Amino acid sequence: MAFTVEDVQDLIRLLAERPEWRAQLRPLILGDEFDRLPRIVEELAEAQRRTEQRLEELAEAQRRTEQRLEELGRRVDELAEAQRRTEQRVEELAEAQRRTEQRLEELGRRVDELAEAQRRTEQRVDELAARLEELTARVDQLAARVDELVQAVGVMRVDINRAHQRLDAELGYLYEMRFERKAPSLFGKWLRKPRVVTLSDLDLVDEAEDAGKLDERELVELRALDLIIEGRDRSDPAQRPLLLAVEISRTIDADDVSRALTRAKALEKAGYRARAAVGGRAIDERARVLAEAAGVLVRVADDVAA
């Protein structure tokens with residue numbers, strides 16, 4: 001018999017009254033795809049969660065890399081840009097998912113497209129992780145090279161300092177020799193008939209040593225004198241003999257002035273009229289003030305190296 005409009009109305013009324021009938025008819029009407037929809041969406045959400053977790057882990061590793069080497073800012077910026085593009089792709093995927101939910105009739109095709117997009121995103125994340133590991137290894141190599149360079153520079157600085165010290169010592173010795181050669185003309189303004197003498201020429205020093213007037217420290221100071229000049233004191237009306245205890249440096253500093261004073265006092269203790277003097281190419285301001293206050297003679301000569 002034919003299925004009439006009245007029969008349809010009766011069927012609708014019966015389905016409205018019997019929910020269990022509706023549940024039995026739903027698979028027949030909508031098909032298996034509708035029943036699979038919740039499971040597919042749940043799998044997609046789980047894949048989405050894993051992707052977000054991977055992205056969060058990658059972002060944390062990225063931040064640690066940025067903190068480790070600021071000078072790699074440009075490379076990190078490139079990686080950050082890649083991260084931004086990945087997040088944009090994820091957002092596009094979420095938008096595609098929302099559109100899929102709104103269009104149930106295209107569910108199958110859209111789900112396949114989203115699964116493929118998800119696969120590409122995971123592949124991209126794996127590529128970024130590999131690049132980050134490579135970048136970390138290169139950073140370690142660079143840090144090792146920098147450490148080696150710092151050590152090499154340190155060794156070089158030590159060698160340069162030693163070379164400077166040796167050069168200063170050689171120049172100082174050469175300067176003393178030239179100063180000694182020109183001593184009569186350099187110190188003639190204070191002494192008449194000046195001449196260079198050595199410690200062995202000073203008999204009173206030997207006598208003072210034998211008599212115990214000079215202790216070992218004072219004798220050491222006298223032996224270390226750069227130059228001893230003997231002459232007649234022009235500032236003395238009687239022009240009595242005077243010894244100059246001279247310390248010589250290319251640049252006279254406060255230590256030179258102090259040493260000259262100490263060694264002149266040792267000569268006086270041995271029984272000589274003595275005066276401290278310093279000589280060099282230049283004198284710093286602190287040494288000049290100290291010399292003026294202590295009455296130390298200062299002889300600055302630019303042409304002594306000639």
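Q: In this predicted model, which residue meets the side chain of E113 in a salt bridge?
A: The model is a predicted one, and in it the side chain of E113 takes part in a salt bridge with an N to O distance of 2.8 Å. Because the two partners are four residues apart in helix 5, they are separated by about one helical turn. The partner of E113 in this salt bridge is R109.

Q: Are E113 and R109 buried, exposed or partly exposed?
A: Partly exposed stands for relative accessible areas between the 20% and 50% limits. E113 has a relative accessibility of 33%, while the value for R109 is 44%, so each of these residues counts as partly exposed.

Q: How many residues apart are R68 and D140, which form a salt bridge?
A: The closest N and O atoms of R68 and D140 are 2.3 Å apart. The pair links distant parts of the chain, since R68 belongs to helix 3 (residues 32–68) and D140 to helix 5 (residues 107–181). R68 is partly exposed at a relative accessible area of 47%, and D140 is partly exposed at 34%. Along the chain, the separation of R68 and D140 is 72 residues.

Q: Which residue forms a salt bridge with R273, and is that residue buried or exposed?
A: In the salt bridge of R273 with D233, the closest N and O atoms are 3.2 Å apart. R273 lies in the loop between helix 9 (254–270) and strand 5 (274–280) and D233 lies in strand 2 (residues 227–233), so the pair ties together parts that are 40 residues apart in sequence. Whereas R273 is partly exposed at 30% relative accessibility, its partner has a relative accessible area of 7%, which falls under the 20% limit and therefore makes it buried. The residue asked for is the buried D233.

Q: Which residues are linked with E221 in a network of salt bridges?
A: The structure holds 30 salt bridges, and a network of such contacts links E221 with further residues. Acidic members of this network, besides E221, include E247 and D256, and arginines also take part. The residues linked with E221 are E247, D256, R259 and R263.

Q: What is the relative accessible area of E207, found in helix 7?
A: E207 is found in helix 7, which covers residues 203–211. On the surface, E207 gathers with D201, D203, D206, E209 and D210 in a patch of negative charge. Patch residues need over 30% relative accessible area, and E207 is partly exposed, its relative accessible area being 48%.

How values were computed. Residues numbered from 1 in each chain as written. Predicted model: local features only at pLDDT ≥ 70, side-chain atom pairs only at ≥ 80, totals over all residues. Heavy atoms only, no water. Patch = residues over 30% accessible without salt bridge, like charges linked within 9 Å, V, L, I, M, F, W, Y side chains within 5 Å. Areas by Shrake-Rupley, 256 points an atom, 1.4 Å probe, with all protein chains shown as cover. Salt bridge = Lys/Arg side-chain N within 4 Å of Asp/Glu carboxyl O. Lys, Arg positive; Asp, Glu negative; His and termini not counted. Charge placed at Lys NZ, Arg CZ, Asp CG, Glu CD. Helix = DSSP H or I, 4+ residues; strand = E, 2+ residues; numbered from the N terminus. Buried < 20%, exposed > 50% of the residue type's maximum accessible area, 1.4 Å probe, protein only.
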